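Welcome! Here is a short guided tour for anyone meeting this protein for the first time. Please take a look at the sequence and the 3D view before reading on.

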Amino acid sequence: MGSVLHLWAALALSGPAASCGPAAVALPVDAVTAPRWIIHLPTTLTSLDDATALAVALCDSLGHLAVVDCGETTLSEEDAQFLRTRVFCDALLGGAGRCRRPDAHDGPCGPARNRG
């Protein structure tokens, strides 16, 4: 079975800050309140570790785009898309953005993802 990568994508580029990327770009109010679209990207990967590595690589590559919400990235098996595995913690950091560490990480939340 393959894996499916779920990425949130907003539809506008400027207003309240987007939650992904080193330099957050503000989005218009409509982009915050309007329904968002999810891109389902099937892969040929057969392990959760490989699918997670791809999701992290895609967020590293696309994270500068305000229309991609990396913190909401989830993974699922191809035939069980209703069962999702979160990739990132994404907890609020009290005015300092969101946690970029893996979901269910050890130790305190932080702005940078720890690899390894």
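## A histidine to start with

Let us begin with a single residue: the side chain of His 105 comes to 3.2 Å from the backbone oxygen of Gly 107. You will find His 105 in the segment after strand S4, which covers residues 80-86. Please keep in mind throughout that this is a predicted model.

Is His 105 buried or exposed? His 105 is buried, because its relative accessible area is 17% and buried means under 20%. Leaving aside residues up to four places away in sequence, His 105 touches Cys 89 and Cys 99. His 105 and Cys 89 are 16 residues apart along the chain, and their C-alpha atoms are separated by 7.4 Å.

## The overall plan

Now let us step back to the whole chain. The protein has 2 helices and 4 strands, and read from the N terminus its elements follow the order β-α-β-α-β-β. The chain has 116 residues, and 33% of them count as buried.

What does the outside look like in numbers? The protein exposes about 6900 Å², of which 61% is supplied by carbon and sulfur atoms. As for contacts within the protein, if we take those between residues at least 6 apart in sequence, 49% join residues at least 24 apart.

## The nonpolar core

Which residues make up the largest nonpolar core? This core has 9 residues: Ala 51, Ala 55, Val 56, Cys 59, Val 68, Cys 70, Leu 75, Val 87 and Phe 88. At least two of the core residues come from helix H2 (48-62), and at least two from strand S3 (68-77). H2 gives the most, with 4 residues.

## Strand S3 and its partner

Strand S3 deserves a visit of its own. Of its 10 residues, 8 are buried, so S3 is largely enclosed by the rest of the structure. S3 pairs with S4 in the antiparallel sense, over 3 bridges.

How many residues does the hairpin use to join S3 to S4? The hairpin passes through 2 residues. To see the two strands side by side, look for Glu 77, which stands opposite Ala 80 in S4.

A salt bridge can also be found between these strands: Glu 72 and Arg 86 form one, with their closest N and O atoms 3.7 Å apart. Glu 72 lies in strand S3 and Arg 86 in strand S4, so this pair ties together parts that are 14 residues apart in sequence. Both partners are partly exposed, Glu 72 with a relative accessible area of 22% and Arg 86 with one of 31%.

## More salt bridges

In total, the structure holds 4 salt bridges. One of them brings together the side chains of Arg 36 and Asp 69, at 3.1 Å from N to O. This pair links distant parts of the chain, 33 residues apart: Arg 36 sits in the loop between helix H1 (29-33) and strand S2 (37-42), while Asp 69 belongs to strand S3. Their surroundings can be compared too: Arg 36 is partly exposed, with a relative accessible area of 34%, whereas Asp 69 is buried, with a relative accessible area of 11%.

Further along the chain, which residues are linked in a network of salt bridges? The network links Asp 90, Arg 98 and Arg 100. Within it, Arg 98 and Asp 90 have their closest N and O atoms 3.8 Å apart. Arg 98 is partly exposed, with a relative accessible area of 30%, while Asp 90 counts as buried at 6% relative accessibility.

Note on methods:
Residues numbered from 1 in each chain as written. Predicted model: local features only at pLDDT ≥ 70, side-chain atom pairs only at ≥ 80, totals over all residues. Heavy atoms only, no water. Buried < 20%, exposed > 50% of the residue type's maximum accessible area, 1.4 Å probe, protein only. Contact = heavy atoms within 4.5 Å. Areas by Shrake-Rupley, 256 points an atom, 1.4 Å probe, with all protein chains shown as cover. Core = buried A, V, L, I, M, F, W, Y, C linked by side-chain atoms within 4.5 Å. Polar contact = N/O pair within 3.5 Å; in protein donor to acceptor, adjacent residues only side chain to side chain. Pairing = 2+ DSSP bridges.
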